[in-house]
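Work through the exercises below with the sequence and the coordinates open. Each task is followed by a solution in steps.

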Amino acid sequence: MTRFRSALAPLAIALLGLTAVPQPASAAPPKPVPSVAVPQQPAAAPACAPQVGSATVNPRLTSLFTSHGNDNSSLKDWTGADGTYSLRLPSGRQLWVFSDTFLGQVNADGSRPPVVEEGGTTVFLNNSFAVERDGRLATIQGGTDDKPEALMPPRDANHWYWAGDATLAGGVVEVTYQEYERFGPGAWDWRWHRNVVARFAPGRLTEPIGVHDLPSGNGVAWASGLLEDGGHTYVYGVEDLGSPKYMHIARVKGRSLLGDWEFLTADGTWSPDEADSARVMSGVANEYSVTKVGSGYVLITHDTTEALSPNIVAYSSCSPFGPFTGKQHVYTTPETGGNIFTYNAHAHPDVAGDGLVVSYNVNSFVNTDHYRDVSIYRPRFLDVTFR
């Protein structure tokens, strides 16, 4: 089975909160992590907080990804993925950044062949891009058409990269990735290992021009989300203990993630020492977002305070680094139920929509569901309005 399949078992355990997922490798047990002193949820929303108005399906993006995923004019194109980050390129085109990705044929009945590793023709990669221009998508992967590879290929069979958020710095695309590693033969024997940023030339997205280490010494996976605000780029991360998951916040001056990082501490100040990074709040997912809406800042996340929750929620703050309070319900994902679960909702402020565009991912705990129905493993898109 592919790594995508084996990853489902520990994800299920994490979502159900039955036990903690394996922790990052370290020479010694991790020291206690401080927490920012913020009011316990639920707490009243701040005065600057926008109120959620409505959340409806975004028809343009739904149609775009359905059409592209089902189009057999090329049998080497994207047919499904998760991750789903976005970035506006200097040319005006929209870059879509994905983690686990299927490429290949879609059958007339809406199924797909098994992956190559199982004797089929479907290619499975751990990361990819798609570029949107004039209402059409073009798939971008590494390698060649005859032998496609991930854009960020693994160093060996026991490592792989999943994508985080992206930014544009000095005309260069910077995409964050988290490297994961397998440390044993069991289905659950894998863990987060480190954070990196890959830099791409906008006109040559098939291969990074450089890969650089990011802070990785405190067990935090950066960057669940990025926000450019007030001369800084805020970097949002997650300390994933399965249940709970904790938000952490860092920032750099300007737009490039290669600058000097500062970490939000327990007393609300900033420190250059990653060990001082504090737990801001629990209840976030591995992917989430903070977006400026009106005079406030809105955190969008799947609600991980509930096991296998179908609920997307919002919190608000008067600053990009919290505290985030006033939990509001945004949307209940209709796909959730039986084998199917949804996860990792976050916003796309650079994508045009009737409100704030929010995506979420859909998956199944049953391996063969992804062969039987290609529509499962594709992002869904919402337009969320505020008042």
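The exercises go from the whole chain to single residues, and the model they use is a predicted one.

**Exercise 1. Overall make-up**

Task: State how many helices and strands the chain has, and what share of its residues is buried.

Solution.
- Step 1. The secondary structure consists of 3 helices and 27 strands.
- Step 2. The chain has 387 residues, and 56% of them count as buried.
- Step 3. Among contacts with a separation of 6 or more, 58% are made by residues 24 or more positions apart.
- Step 4. The accessible surface is about 15,300 Å², and carbon and sulfur atoms hold 53% of that area.

**Exercise 2. Nonpolar cores**

Task: Find the largest nonpolar core and list the elements that give two or more residues to this core.

Solution.
- Step 1. The largest nonpolar core has 24 residues. Those with the most contacts inside this core are Tyr 236, Met 247, Ile 249, Met 281, Val 290, Leu 299 and Phe 324.
- Step 2. Two or more residues each come from strands E11 (159-169), E13 (190-200), E15 (221-229), E16 (232-240), E17 (245-253), E22 (296-302) and E23 (311-317).
- Step 3. E16 gives the largest share, 3 residues.
- Step 4. A second, separate core has 21 residues, including Leu 89, Leu 95, Tyr 161 and Phe 200.
- Step 5. For context, nonpolar side chains in soluble globular proteins tend to be buried together.

**Exercise 3. A four-stranded sheet**

Task: Give the strand order of the open sheet of 4 strands, and identify its edge strands.

Solution.
- Step 1. The order is E3-E4-E7-E8, with antiparallel pairing.
- Step 2. Strand E3 (85-88) and strand E8 (136-140) pair on one side only, which makes them the edge strands.
- Step 3. From one strand to the next, the twist averages 25 degrees.
- Step 4. Helix H2 (residues 59-70) packs on the sheet and touches E4, strand E7 (128-133) and E8. The directions of H2 and E8 make an angle of about 55 degrees.
- Step 5. The antiparallel pairing of E3 with strand E4 (residues 94-98) runs over 4 bridges. Within this pairing, Tyr 85 stands opposite Val 97.

**Exercise 4. Aromatic pairs**

Task: Classify the ring pairs Phe 129 with Phe 200 and Trp 160 with Tyr 180, and locate the partners.

Solution.
- Step 1. The structure holds 26 aromatic pairs.
- Step 2. The rings of Phe 129 and Phe 200 are 5.1 Å apart centre to centre, with 65 degrees between the planes. Planes over 60 degrees apart count as edge-to-face, and this pair is edge-to-face.
- Step 3. Phe 129 is in strand E7 and Phe 200 in strand E13, so the pair ties together parts 71 residues apart in sequence.
- Step 4. Phe 129 is buried at 0% relative accessibility, and Phe 200 is also buried at 0%.
- Step 5. Trp 160 and Tyr 180 have centres 6.2 Å apart and planes at 15 degrees, a stacked pair.
- Step 6. Trp 160 belongs to strand E11 and Tyr 180 to strand E12 (residues 172-182), so this pair ties together parts 20 residues apart in sequence. Both Trp 160 and Tyr 180 are buried.
- Step 7. Ring pairs also link Phe 65, Trp 78, Trp 96, Phe 98 and Phe 381 into a cluster.

**Exercise 5. A hairpin**

Task: Describe the pairing of E21 with E22 and the residues between the strands.

Solution.
- Step 1. In strand E21 (residues 289-293), 4 of the 5 residues are buried.
- Step 2. E21 and E22 pair in the antiparallel sense over 5 bridges, and Thr 291 has Val 298 in E22 as its bridge partner.
- Step 3. The hairpin has 2 residues between the strands, and Gly 294 takes a positive phi near 60 degrees.

**Exercise 6. Unusual backbone geometry**

Task: Inspect the peptide bonds Trp 222 to Ala 223 and Ser 243 to Pro 244, then the phi angles of Thr 84 and Asn 344.

Solution.
- Step 1. As a reference, most peptide bonds are trans, and most residues other than glycine have a negative phi.
- Step 2. The bond joining Trp 222 and Ala 223 is cis, with omega about 5 degrees; Ala 223 sits in strand E15.
- Step 3. The bond from Ser 243 to Pro 244 is cis too, with omega near 10 degrees. Pro 244 lies in the loop between E16 and E17.
- Step 4. Thr 84 has a positive phi of about 60 degrees. Thr 84 is in the loop between strand E2 (78-81) and E3, and is buried at 0% relative accessible area.
- Step 5. Asn 344 also has a positive phi of about 60 degrees. Asn 344 lies in strand E25 (residues 340-347) and is buried, with a relative accessible area of 10%.

How values were computed: Residues are numbered from 1 along each chain as its sequence is written. This is a predicted model: local features need pLDDT of at least 70, side-chain atom pairs count only at pLDDT 80 or more; totals for chains, interfaces and linings use all residues. Side-chain values use heavy atoms; hydrogens and water are left out. Buried means under 20% relative accessible area, exposed over 50%, partly exposed in between (1.4 Å probe, protein chains only). Contact means heavy atoms within 4.5 Å. Accessible areas come from the Shrake-Rupley method with a 1.4 Å probe; for residues, only the protein chains shown count as cover. A nonpolar core is a set of buried Ala, Val, Leu, Ile, Met, Phe, Trp, Tyr and Cys residues joined through side-chain atoms within 4.5 Å. Two strands pair if DSSP finds at least two bridges between them. Axes are lines fitted to C-alpha atoms, for helices over the stretch in contact, and angles run from 0 to 180 degrees between N-to-C directions. Rings of Phe, Tyr and Trp (its six-membered ring) pair if their centres lie within 6.5 Å; planes under 30 degrees apart count as stacked, over 60 as edge-to-face and the rest as tilted.
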